[in-house]
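Hello,

Here is the structure I promised to pass on. Please have a look at it first; my notes on its pockets, its cavity and its annotated repeats follow below.

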Amino acid sequence: MLNFLSCRENGTLDPLALVRAETTRRTFSLELSKEQDVKRIHASGANSLDLDPAESRYLLSGGADGVIAVYDTHNLSGTPSSTAEAVCTVGRSHRHVHKYSVETVRWYPHDTGLFTSSSMDKTLKVWDTNALLPAEVFQFEGTVYSHAMSPVAKKHCLIAVATMTSIVTLCDLKSGSSTHILKGHRAAVKCARWSPRNPYLLATGSQDNKVLLWDVRSAKSSLMSLDQHNGELATSTAAVNTAHNGHVNGLCFTPEGLHLLSFGTDHRLRLWDTATGRNTLVNYGKICNDSKKSVQFTVSRGSSPDVVFVPDDSSIAMFDVFGGTSLHRLVGHYNYVQCCVFNPDTQELYSGGSDSNILVWVPDL
């Protein structure tokens with residue numbers, strides 16, 4: 001620490017070097033918190049989590065029981081030990097509760113006044129957080145597996161919705177209607193993610209083993225289909241021009257938006273260059289993925305190297321994003337881990353699983 005401060009004072013070191021070093025140390029030393037926990041609300045599995053982008057304070061969760069909860073993660077007790085209580089819940093007695101399992105929950109990217117939820121009941125609901133009532137409800141023909149909103153868009157308010165059909169639907173928050181559809185997949189679409197760099201770039205993963213990149217300004221066809229063999233002759237015709245040899249049910253962009261991570265039921269995690277669409281061929285080894293749902297994984301911010309947190313059976317595997325090296329394994333859940341979300345301000349990780357628990361992973365201080 002003293003060496004960092006001395007070098008910074010002399011001008012021989014980047015002022016942000018200390019921040020990067022401490023962020024890296026905290027990210028690499030995560031362990032299950034002995035003093036912080038999240039109150040158990042869901043009667044069955046926690047399927048999806050999201051931390052509000054405005055303050056990184058309010059944690060949103062959606063469960064297999066159809067319940068939605070909002071937790072305040074800030075410790076205001078004045079003591080080291082704390083339990084994140086539910087600020088509000090959409091419980092089974094709520095007249096607008098989802099009939100079946102909530103598959104995805106997302107905060108509105110710019111404030112906590114709105115959040116969205118999608119469910120097995122074939123609906124996407126836009127909620128007014130203060131009134132805890134749906135401001136808009138979108139109906140679909142098939143089960144909704146996942147949905148996403150662009151974190152950087154200023155000229156559109158589109159929600160990309162992945163459903164049991166092979167079509168990706170774009171719903172407009174401003175008009176309250178489904179503006180247009182994206183046709184390209186040949187089977188159910190399991191996941192969708194917007195680029196944090198380009199407000200019009202969308203990635204989708206499907207049961208047809210493909211990952212497609214779209215420019216939503218042109219809905220006629222996708223920009224490209226990612227090929228795990230980079231155009232080289234594949235060993236089998238079935239694997240030609242597919243991103244995985246199994247269903248693609250997880251996608252995540254790196255924080256700068258230059259790379260995309262995809263996760264498939266072939267138990268493989270792949271890293272793609274979003275500019276060229278090429279497979280970078282980083283080998284992360286085998287990662288268990290037998291989920292029939294969308295799997296939510298995440299990437300750290302500010303550390304060097306970047307770290308990806310991936311559900312691996314009942315644990316969370318940590319890998320160097322660009323090196324593929326296995327760094328650590330977070331063990332604490334009693335059943336399959338379904339989702340995890342990273343807090344870039346405190347370097348804490350929240351994870352939800354089929355055991356109905358939401359666990360807090362904190363840096364070892």
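**Cavity, pockets and repeats**

The largest cavity holds about 120 Å³ of space. Keep in mind that this is a predicted model. Across the whole structure, the search finds 1 cavity of 30 Å³ or more.

What lines the largest cavity? It has 15 lining residues, and Arg106, Ser146, Ser294, Val295 and Gln296 lie nearest its centre. Four strands, β3, β8, β16 and β20, each give two or more residues to this lining. By class, the cavity lining has 8 polar, 4 nonpolar and 3 charged residues.

Now the open spaces.

The largest pocket has about 880 Å³ of space. Its lining counts 32 residues, with Asp50, Pro53, Pro151, Arg193 and Arg301 closest to the centre. These elements supply two or more lining residues each:

- β3 (46-51) and β8 (102-107)
- β12 (144-149) and β16 (189-194)
- β20 (248-253) and β23 (298-299)
- β27 (337-343)

Which element gives the most to the lining of the largest pocket? That is β27, with 3 residues. The class split of this lining is 20 nonpolar, 7 charged and 5 polar.

β3, β8, β16 and β20 thus appear on both lists: they give two or more residues to the largest cavity and two or more to the largest pocket.

The second largest pocket has a volume of about 410 Å³. It is lined by 22 residues; Arg26, Gln36, Glu348, Val362 and Pro363 are the closest to its centre. Here the elements giving two or more residues are β1 (30-32), β28 (348-353) and β29 (358-363). The lining divides into 8 polar, 8 charged and 6 nonpolar residues.

Last, the annotation. The unreviewed UniProt entry carries "repeat: WD" over residues 95-128, 182-224, 241-282 and 330-361. I have figures for two of these stretches:

| Residues | Helix | Strand | End C-alpha atoms apart |
|---|---|---|---|
| 95-128 | 0% | 53% | 15 Å |
| 241-282 | 0% | 40% | 18 Å |

Some pocket strands fall in these annotated ranges. Strand β8 (102-107) lines the largest pocket, and the record's repeat 95-128 spans those positions. Likewise, β20 (248-253) is in that pocket lining, and the annotated range 241-282 takes in those positions.

Best wishes

Technical notes
Residues are numbered from 1 along each chain as its sequence is written. This is a predicted model: local features need pLDDT of at least 70, side-chain atom pairs count only at pLDDT 80 or more; totals for chains, interfaces and linings use all residues. Side-chain values use heavy atoms; hydrogens and water are left out. UniProt positions are given in the numbering used here, feature names are shortened, and annotations may be inferred rather than shown by experiment. On a 1 Å grid over the protein atoms alone, a cavity is a set of points where a 1.4 Å probe fits but cannot get out, and a pocket is an open set with protein on both sides within 12 Å along at least five of seven lines; lining residues have an atom within 4 Å of a point. Grid points are joined across faces, edges and corners, and a volume is the space filled by probe spheres set on the points. Ala, Val, Leu, Ile, Met, Phe, Trp, Tyr, Cys and Pro count as nonpolar, Asp, Glu, Lys and Arg as charged, and the others, Gly among them, as polar.
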